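I opened my notebook to go through one protein model from fold to single residues. Here is what I looked up, in the order I looked it up.

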Amino acid sequence: MELLVVIAIIAILIGLLLPAVQKIREAASRLRCQNNFKQIGLALHSYHDNTQAFPTGAVNGGANNESWGWGAYILPHLEQGPLFQQLNVDTVALYTQGANTTIQTLCQTRLPVFLCPSDDPASLLTRSFTGNSFPAGYQVAKANYIAVAGGGDHGRLNNTGVLYLASTSNMASISDGTSNTFLVGERTTKCGAGTWVGNRNPAGNGNVGTNYTLGRISVALNSPIITPGGCDEGFSSLHTGGANFLYADGSVRFIRDSISFNNGNCWSGADPTVTCADTDYPGVGTYQRLGTRNDAQVVDY
């Protein structure tokens, strides 16, 4: 009888302990995720210091031409100089190298700094990276960190964020202030994730376009919609209640799902490529304002 009582007590203690252990584990993963963001932020700032501009969010290489993204350009600033040189990022277009088996292997390099510890541990993107060059069914290295292009469709030129298709943004272009502007956010494998390498078809629409490296804030944070137009084009995480974001000043903050979200007259309706006019901005939510570099609106947390 006493043995049964002891067993029952142990079972109860284990039942109480497991949730606490899970919370501690998630807290540690969230902290590591934030540290990844800080490293990426330092790399982006270092790139800016060297070139007087941030890297382009995505190279516009043309229809079905696999092209480099912002993550590839900051590799030397993440202690990945040899990988950067072997990939010929600065000198050769990605789509001209897709048949090269050495390049194929290098583009599958697992880089922990681009992976959130809370997400699926798989190192390859489950979506195809095949355009005009890479072999059919080819999978590229995964990344959970996606640049904030702005509110319009992620493949739109001259979007409202800092890093977008063919962007040339610098600190001076962030007139809202670097402490009030997103640079990079999270996206889970469940929502398609992305890659540090680039895009399979930056000139295309939907999941063949630039959403492998770019996301938009006109889709709600942790949107339950997973199909194109949902969280596969926005931002999401497995952290409870929200996701981490890197700001243009290099700080990292946790944004809760409950943040004010309202597209107003911007990016609403069937066409996500509609651009806001100055008179439309006052109607948008805090989330949209943080994802816009120059709307001149006060950010109210």
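The entries below go from the overall fold to the cores, the sheet, a cavity and a few residues.

**Entry 1: ground rules.** I am working with a predicted model, in which local features need pLDDT of at least 70, side-chain atom pairs count only at pLDDT 80 or more, and totals for chains, interfaces and linings use all residues. Residues are numbered from 1 along each chain as its sequence is written, and side-chain values use heavy atoms, with hydrogens and water left out.

**Entry 2: the fold.** I counted elements as DSSP runs numbered from the N terminus, with helices as H or I of at least four residues and strands as E of at least two. The protein has five helices and seven strands. Along the sequence I read the pattern α-β-α-α-α-β-β-β-β-β-β-α. For burial I took under 20% relative accessible area as buried, over 50% as exposed and anything in between as partly exposed, with a 1.4 Å probe and protein chains only. On that scale 52% of the 301 residues are buried. I then looked at contacts, meaning heavy atoms within 4.5 Å. Of those between residues at least 6 apart in sequence, 67% join residues at least 24 apart.

**Entry 3: the cores.** Nonpolar side chains in soluble globular proteins tend to be buried together. I searched for cores as sets of buried Ala, Val, Leu, Ile, Met, Phe, Trp, Tyr and Cys residues joined through side-chain atoms within 4.5 Å. Which residues have the most contacts inside the largest nonpolar core? They are W70, L87, F114 and W196, in a core of 52 residues. Two or more residues each come from α1 (2-51), α2 (70-73), α3 (81-87), α4 (101-106), β2 (145-150) and β3 (182-186). α1 gives the largest share, six residues. Another core, of 19 residues, lies apart from this one, and I found I146, F235, I259 and W267 among its members.

I picked L87 for a closer look. Setting aside neighbours within four places in sequence, L87 is in contact with W68, L75, Q97, I103, L106, C107 and W196.

**Entry 4: the sheet.** I called two strands paired if DSSP finds at least two bridges between them. Five strands make an open sheet in the order β5-β2-β3-β6-β7, with mixed pairing. Why do β5 (214-216) and β7 (252-256) each have one side without a neighbour in the sheet? Both stand at the edges with a single partner strand, so one side of each is left free of a neighbour there.

Next I followed β3. All five of its five residues are buried. Three bridges pair β2 with β3 in the antiparallel sense; Y145 has E186 as its bridge partner in β3, and I146 has G185. β3 also runs antiparallel to β6 (residues 242-247), again with three bridges, and there F182 is partnered by Y247.

**Entry 5: a cavity.** I defined a cavity, on a 1 Å grid over the protein atoms alone, as a set of points where a 1.4 Å probe fits but cannot get out, with lining residues having an atom within 4 Å of a point. Grid points are joined across faces, edges and corners, and a volume is the space filled by probe spheres set on the points. How many cavities of 30 Å³ or more are there? The count comes to one. The largest cavity holds about 40 Å³ of space. Its lining is C116, D119, N144, E186, R187, T188, S236, S237 and L238.

**Entry 6: single residues.** A243 sits in strand β6 and counts as buried because its relative accessibility is 0%. Outside its neighbours within four places in sequence, A243 contacts E186, L221, S236, S237, R253, F254 and I255. Its C-alpha is 10.0 Å from that of Q34, 209 residues apart along the chain.

T189 lies in the loop between β3 and β4 (198-199). Is T189 buried or exposed? At 18% relative accessibility, T189 counts as buried. Not counting residues up to four places away in sequence, T189 touches D119, D120, K142 and N144.

I finished with two positive phi values outside glycine. N88, in the loop between α3 and α4, has phi near 60° and is partly exposed at 26%. A193, in the loop between β3 and β4, has phi near 50° and is buried at 0% relative accessibility.

Methods:
1 Å grid on protein atoms, 1.4 Å probe; cavity = no way out; pocket = protein on both sides within 12 Å on 5 of 7 lines; lining within 4 Å.
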